[in-house]
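Here are my comments, as numbered points, for reading alongside the coordinates. They begin with a backbone detail and then turn to the sheet and the helices.

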Amino acid sequence: MKKISLFFPIFGVALLGLWLFGFLCFVDDVISLREPLPSASLEAADAIVVLTGGSERVATGVELLKSGQGKKLFISGVHKNLTLESLFKPLSIPQDLRACCIVLGHLAGSTSGNAEETRTWLRGENYASMRLVTANYHMPRSLLLFRAAMPDVKIAPYPVTPDKVKLDEWWRHPGTIELLATEYGKYIVARLIIWMQSAPDEDQPQSVPAL
């Protein structure tokens, strides 16, 4: 009986230690995801895909499009009431570029929804590669879900570092700790669900969790 009573606290400590180790590895991965330098040479992709959630992401996507890093810009997860005019009002974008090469996706309400919405759009355009733009802390889960949803598409990450996320000495900033811990939890759940669904019909697109 004594052995059983000792098992649960030891198991709990071991589980906590495992979670903490994984969390620190996750944070280290996020910190390593830096926006490429302006002088960096990037391989052009068929499309640039931006996941909504911060003004920095949209502005970065526009700059990549203007510099010829993709044929079209697809912004996934846009609020249904937002239009091109209202979304890009603060940005300087030639009208012809808006008309031909920027598409808004209004259907996604989660990261997995972003992946499914983007997959449908890419297939409609017959595109086989994309550059994914989202916040660095959101990138690991985004790549996981996007690659599960479209394993045949070449996906290159383009992380953006939001000013509000204090990754330098992150342990001193409660808001950043909470954000990273929450994102790590969602990442683990996504990995588990994809692992449990790891033997899909090869002729059917993989489904991804609504995270």
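**Notes on a predicted model**

1. Asn126 is exposed, with a relative accessible area of 69%, and in this predicted model the residue has a positive phi of about 60 degrees although it is not a glycine. Asn126 belongs to the loop that lies between helix H5 (111–125) and E4.

2. A second non-glycine residue with a positive phi is Glu169, where the angle is about 55 degrees. Glu169 is found in the loop between E5 and H7, and its relative accessible area of 42% makes it partly exposed, since residues count as exposed over 50% and as buried under 20%.

3. Turning to the sheet, five strands form an open arrangement in the order E3-E2-E1-E4-E5, with parallel pairing. Strand E3 (102–105) and strand E5 (154–160) stand at the edges with a single partner strand each, so one side of each of them has no neighbour in the sheet. From one strand to the next, the twist averages 20 degrees.

4. Which residues pair with E1 on its two sides in the sheet can be followed bridge by bridge. Strand E1 (residues 47–51) pairs in the parallel sense with strand E2 (residues 72–76) over five bridges, and within this pairing Ile48 stands opposite Leu73, while Phe74 is the bridge partner of Val49. E1 also pairs in the parallel sense with E4, over four bridges, and here Val49 stands opposite Leu132.

5. E1 is mostly covered, five of its five residues being buried. The covering applies to both faces of the strand, with Ala47, Val49 and Leu51 buried on one side and Ile48 and Val50 buried on the other. For Val49, then, the model gives a buried side chain position on one face of E1, a bridge partner Phe74 in E2 and Leu132 opposite in E4.

6. E4 shows a similar picture of burial: seven of its seven residues are buried, so the strand is largely enclosed by the rest of the structure. Besides its pairing with E1, E4 pairs with E5 in the parallel sense over seven bridges, and in that pairing Val133 has Tyr158 of E5 as its bridge partner.

7. Helix H2 (residues 55–66) lies across E1, E2, E3, strand E4 (129–135) and E5, and runs at about 170 degrees to E1.

8. How is the packing of two helices best summarised? Two packed helices are described by the angle between their axes and the distance between the axes. Helix H6 (residues 139–149) and helix H7 (residues 174–196) pack at an angle of about 20 degrees, with their axes 9 Å apart, and that angle makes H6 roughly parallel to H7. The crossing of these two helices, H6 and H7, is left-handed. On the H6 side the contact is made by Pro140, Arg141, Leu144, Leu145 and Ala148, and on the H7 side by Glu183, Lys186, Tyr187, Ala190, Arg191 and Ile194. By class, the residues of this contact of H6 with H7 divide into seven nonpolar, no polar and four charged.

9. H5 and H6 pack with their axes 9 Å apart and at an angle of about 40 degrees, and H5 and H6 are therefore oblique to each other. The crossing of H5 and H6 is right-handed. H5 contributes Thr111, Ser112, Asn114, Ala115, Thr118 and Arg119 to the contact, and H6 contributes Arg141, Ser142, Leu145, Phe146 and Ala149. The residues of the contact of H5 with H6 divide into four nonpolar, five polar and two charged.

10. H6 thus takes part in the contact with H7 and in the contact with H5, and Arg141 and Leu145 are named in the contact with H7 as well as in the contact with H5. How many of the residues of H6 are buried? The count is 10 of the 11, so H6 is largely enclosed by the rest of the structure. The buried residues are Met139, Pro140, Arg141, Ser142, Leu143, Leu144, Leu145, Phe146, Ala148 and Ala149, a list that includes the charged residue Arg141.

Terms used: Residues are numbered from 1 along each chain as its sequence is written. This is a predicted model: local features need pLDDT of at least 70, side-chain atom pairs count only at pLDDT 80 or more; totals for chains, interfaces and linings use all residues. Side-chain values use heavy atoms; hydrogens and water are left out. Two strands pair if DSSP finds at least two bridges between them. Axes are lines fitted to C-alpha atoms, for helices over the stretch in contact, and angles run from 0 to 180 degrees between N-to-C directions. Contact means heavy atoms within 4.5 Å. Angles under 35 degrees count as roughly parallel, over 145 as roughly antiparallel, 65 to 115 as roughly perpendicular and the rest as oblique. A crossing is left-handed if the near helix is turned anticlockwise from the far one by less than a right angle, and right-handed if clockwise. Buried means under 20% relative accessible area, exposed over 50%, partly exposed in between (1.4 Å probe, protein chains only).
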